[in-house]
Amino acid sequence: KMGGRLLRPRGPILVGILLLAAHSHALPSSPLSLSARPAAPAAARRGEGPLRSDAMRLRGGAGALGIPSFVDLAQMKPEKLFNTYLSVLAVTCAGVRLSSRDGASAGQKGQAESKESSGVKSLQRRFLAVFWLFKFADWLHGPYFYQVYASKTFNGAPMTQAMISKLFLCGFGASMLFGTFAGTLTDSAGRKKGCLAFAAMYALSALSTRSNSLAVLILGRILGGTATSLLFSAPEAWLVSEHEHGGYDGAALGEIFGWAYFGDGLAAILAGKLAGAAVGRAEGKGAWLSGPSAPFELSVVFLALGAALVARTWTENKGTPAAGKTAGLMSSLRDGWGAIMNDRRILYTGMVQSLFEGAMYIFVLQWAPSLIAVVAGGAVPFGKVFSCFMASCLLGSTLFGALARRGFAVEKTCAGMLTAATVAMGVATAMGSSLVAVIASFLVFEACVGMYFPSIGTLRSKYVPESHRSVIVNIFGVPLNLIVVSVFLSIKSLGVSGALACSTACLAVAAAAAVALVATIAADEGGASGGSLGQAA
């Protein structure tokens, strides 16, 4: 909608979420069964039989309301279980979105609308259009990352899993080694140029998947890893700088972050569908837009569209060095590191970013093996699981927006979210033999992921200095990549449960850092108010 308020396409989004759930329920269930623990000898112990049903009805339990109980969920086939989860998530997400829309008073709405200038709306449109195109291109790479490299042959033999793993590590290694320098150059040369560089490098990385040359594939992964560092720093740095230079209300920035990652979840679902359709095209071997490389080739189109919008609609902005500071590469790195060490708020924000995202990438590597281990025959309906995960992310980003509009401090909501994520991952680690417990824990964690990205974007906008924003964000990425590479290299000895335990530990420390951030801010505010009272006396 225009007319004096931020763009908020609620109606179509809610309808889309509910239609997605309805479509999933309409799909036939596959004849999968849970990999079972030994069955209880009695029907009553299994939760079956008239005695159990009557007891539920007499107590007014979930069965009396038509809501599946925990026992009912445990007995469902995986396909039906995930459909049930998806429907609950879709309805909950729609409910939170509707309630948050109507929750503010008329006075609050009028006050908010009065602050939303045409400049804010223009900034939102320019940023979101580019961000969603870039993220859509990024999501197109995800579903068939393994398959595109597994389809390559060398000396007549297919690429081994060990070789694919090494290619995977090349991307993380490149992000760790070159990402920090790329962030420094982005601050000094300009964030607009950094976004254009991302599009160019990511497009070359995508096109490299058509090659059967190992050298070209390695180069592609190096370019992709470096480009990813730019994706997670340059657009955000550009947005925050434009927002600060425009002198806009800080609440608008949180609103933009909320919509950015809400749309990111929808983009992930649509990208997965489009990637599957592109891979399924029946064309000749080596044809464009067919086979496992098709999603990568298709992503170039969206990268080009995003780059065109950047070139046409974005103005350039750069990090402004502090007084007496030079803008050289090493001096920028040194100044960025000094800013982290001299301000505990920046340090704690960086710890949250590094540890949460490290835990998240460990989860990305291990959720599939975790589910395969508890489903009979390993026949996991991955499409349904992915849809559930994305619906959970949408719920998390929606919840972030609802809490922000009600005035909850992002530092406190972030601490609560990290605590919930720690508990969820701990349950998944401890109860790894139960499909219901594992998937429920994973869905809670994915909801926390949905809350995390707008939360960390808002925190960085508040505490990371404008002069070195990109370089500091990429410095935070160094321990993140070290965590992921270390766990990945030790996965044979750790196993799935050990990797999830590492993820839980990272989340616990991140939660402690978030609590320390809240305490630091409270202490700073207390000191400031005490000083003011002393001066008044």
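**View 1. Arg191 and its salt-bridge partner Asp187.** Arg191 is buried in this predicted model, with a relative accessible area of 0%. Its side chain meets that of Asp187 in a salt bridge, with 2.9 Å from N to O. Asp187 is buried too, at a relative accessible area of 4%. If you are checking charged groups in the interior, here is a handy pair to start from: both Asp187 and Arg191 count as buried. A search of the whole structure finds nine salt bridges, and the next two views show others among them.

**View 2. A salt bridge between Glu316 and Lys193.** In this close-up the side chains of Glu316 and Lys193 come together, 3.4 Å from N to O. The two residues belong to distant parts of the chain, 123 residues apart. Glu316 sits in the loop between α13 (294-313) and α14 (329-342), while Lys193 is part of helix α9 (residues 191-207). Glu316 is partly exposed, with a relative accessible area of 30%. Lys193 is also partly exposed, and its relative accessibility is 47%.

**View 3. Arg405 and Glu255 link two helices.** The closest N and O atoms of this salt bridge are 3.2 Å apart. Arg405 lies in helix α16 (residues 382-405) and Glu255 in helix α12 (residues 250-279), so the pair ties together parts that are 150 residues apart in sequence. The two ends have their own surroundings: Arg405 is partly exposed, with a relative accessible area of 26%, whereas Glu255 counts as buried at 11%.

**View 4. Helix α18 and its kink.** Helix α18 covers residues 435-463, 29 residues in total. From its first C-alpha to its last it reaches 41 Å, close to the 42 Å expected at 1.5 Å a residue. Look along the helix for Tyr452, where there is a kink of about 30°, shortly before the proline Pro454. Of the 29 residues in α18, 26 are buried, so the helix is largely enclosed by the rest of the structure.

**View 5. Ala440 in α18 and Ala428 in α17.** Ala440 has its place in helix α18 and is partly exposed, with a relative accessible area of 28%. Its C-alpha atom is separated by 8.4 Å from that of Ala428, 12 residues away along the chain. Ala428 is one of the buried residues of α17.

**View 6. Helix α17 and its buried residues.** Helix α17 (residues 410-430) has 21 residues and spans 30 Å between its first and last C-alpha atoms, close to the 30 Å expected at 1.5 Å a residue. Its buried residues include Val410, Glu411, Thr413, Cys414, Met417, Leu418 and Ala421. Further along, Thr422, Ala424 and Met425 are also among them.

**View 7. Cysteines without disulfides.** How many disulfides does the structure hold? It holds zero. Cys393 makes a good case to inspect: its sulfur is 9.9 Å from the closest cysteine sulfur, in Cys448, which is too far for a bond. For comparison, the cut-off for a disulfide is 2.5 Å between the sulfur atoms. Cys393 counts as buried, at 11% relative accessibility. Cys195 is buried as well, with a relative accessibility of 1%.

How values were computed: Residues numbered from 1 in each chain as written. Predicted model: local features only at pLDDT ≥ 70, side-chain atom pairs only at ≥ 80, totals over all residues. Heavy atoms only, no water. Buried < 20%, exposed > 50% of the residue type's maximum accessible area, 1.4 Å probe, protein only. Helix = DSSP H or I, 4+ residues; strand = E, 2+ residues; numbered from the N terminus. Expected span 1.5 Å × (residues − 1). Bend = angle between axes of the 7 residues up to and from the residue. Salt bridge = Lys/Arg side-chain N within 4 Å of Asp/Glu carboxyl O.
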